[in-house]
Amino acid sequence: MTRTVWTNEEKTAVFASMIDVFIEQPLTTNRTAMHHAQNVLTKDRRVKITDQRVHTYKARIEEARTTAKARVKNLPKPAPVVAEPVPPPQLRNDTDIGVLFAALVDRLVEQVLDKVEARMRRPEPDYGHVDYDAEYAKRNAEFRRASVDGGWLPESYTKPRPYILVVGLLDSQASMVATQYRKQNVDLLFYTADEAKSRAIPKGCNAAFLMTKFISHAAQDRVRAVVPVVKLVNSGMHSLSQEIDRFLEEGT
C-alpha cells in the first residue's frame, strides 16, 4: 500500500479549511479538526489522522486555531436583542463533557510526545575513557579499608583477594576444593584439561595450579603465556592444597 504524502498545496488547503473548522467548533480537538479539514481534498488524497501526524503538524494546527480565534474576535457583534428569559439548557454529558475530555487527552498526548522528542534530541554526556577494571579495584580497596576501620571486617580483608586458576580436576574434586576454601579470602576458578586447550585463560589470574598428570604441554604453555605464577602439582589433592596454602601465605 502506497503511503500518501501531501503536497505543499494540499497542506495549505487543509490548514486553511482548519481555520473554518475552529471557528465553527472552537472546542474541538486537534485530531478531530484535522480529520474534518482534510475533507477539502479528494477521497484518494485523504489519510488516517494519527497522534503522530497531529504532533508533526502541531505548529500549523496551533496557528490555525489562533487565526480562528482572532477572526471570531474581530467579527462585528450583533445588536443586543432583548428577549424573554429562558431556562438554561441542560449540560449534554454525551457531547460537551466528551469534547472537553477529548481535548484534555489530546493535550496530554502532545505533552508526552514533546518530552519524548526533547529527550531524544538531548546529547549524550561525554564521560571520556574510563578504565573500569582500575576503577573497580580502587573502589573495592576503599570499601575494604573503610570496613576494617569501622570494625565490619577483619584486617585480612584489606589484602588483595587472590584469583587462582586450577586446571585438571574432575568436577567432584573441584567441588571439594571450592568447599575447602569457600571461607577464605580467595577466588577459585576451575578448568578441566580439555577446557584448558580451548577456553580463554583469564588475564586477571594471580596464579595457576596445574595437575600435570592430565594436562598436555600445549595447555601448560597457554596458561604460562597469561598467568604470572604457574605451579605444577605432580601428586594428588593433598599436594594441591599444600601448594595453594603456601601461595596464599607467601604470595609465590
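Which residues in α4 are buried? Some notes on that, and on what surrounds the helix, follow.

1. First, the ground rules. This is a predicted model, where local features need pLDDT of at least 70 and side-chain atom pairs count only at pLDDT 80 or more, while totals for chains, interfaces and linings use all residues. Residues are numbered from 1 along each chain as its sequence is written, and side-chain values use heavy atoms, with hydrogens and water left out.

2. Now the helix itself. α4 runs over residues 58–74, so named because helices (H or I, at least four residues) are DSSP runs numbered from the N terminus. From first C-alpha to last, the 17 residues of α4 reach 25 Å, close to the 24 Å expected at 1.5 Å a residue (that is, 1.5 Å times one less than the number of residues).

3. Back to the opening question: I61, A64, R65 and A68 are the buried residues in α4 (buried means under 20% relative accessible area, exposed over 50%, partly exposed in between, with a 1.4 Å probe and protein chains only). They cover an arc of only 100° around the axis, which puts them on the same side of α4 (the arc is that of the directions from the helix axis to the C-beta atoms). An α-helix has 3.6 residues a turn, so residues three or four places apart point the same way.

4. Turn α4 around and you meet A59, E63, T66, K73 and N74, exposed on the face turned away from its buried side. T67, also in α4, counts as partly exposed at 27% relative accessibility.

5. What does the buried side of α4 pack against? Its buried residues pack against α1 (8–24), α2 (30–37) and α3 (51–56) (contact means heavy atoms within 4.5 Å).

6. For α1 and α4, the packing angle is about 45° and the axes are 8 Å apart (axes are lines fitted to C-alpha atoms over the stretch in contact, and angles run from 0 to 180 degrees between N-to-C directions). K11, T12, F15, M18, I19, F22 and I23 in α1 meet R60, I61, A64, R65, T67, A68, R71 and V72 in α4. M18 and T67 lie 49 residues apart in sequence and 9.9 Å apart in space, C-alpha to C-alpha.

7. In α2, the buried residues are N30, A33, M34 and A37. Seen down the axis of α2, they fall within an arc of 95°, so they line one face of the helix.

8. One loop residue to look at is T28, between α1 and α2. T28 is buried, with a relative accessible area of 8%. Not counting residues up to four places away in sequence, T28 touches V21, F22, A33, R65 and V99.

Definitions and conventions
Helix = DSSP H or I, 4+ residues; strand = E, 2+ residues; numbered from the N terminus.
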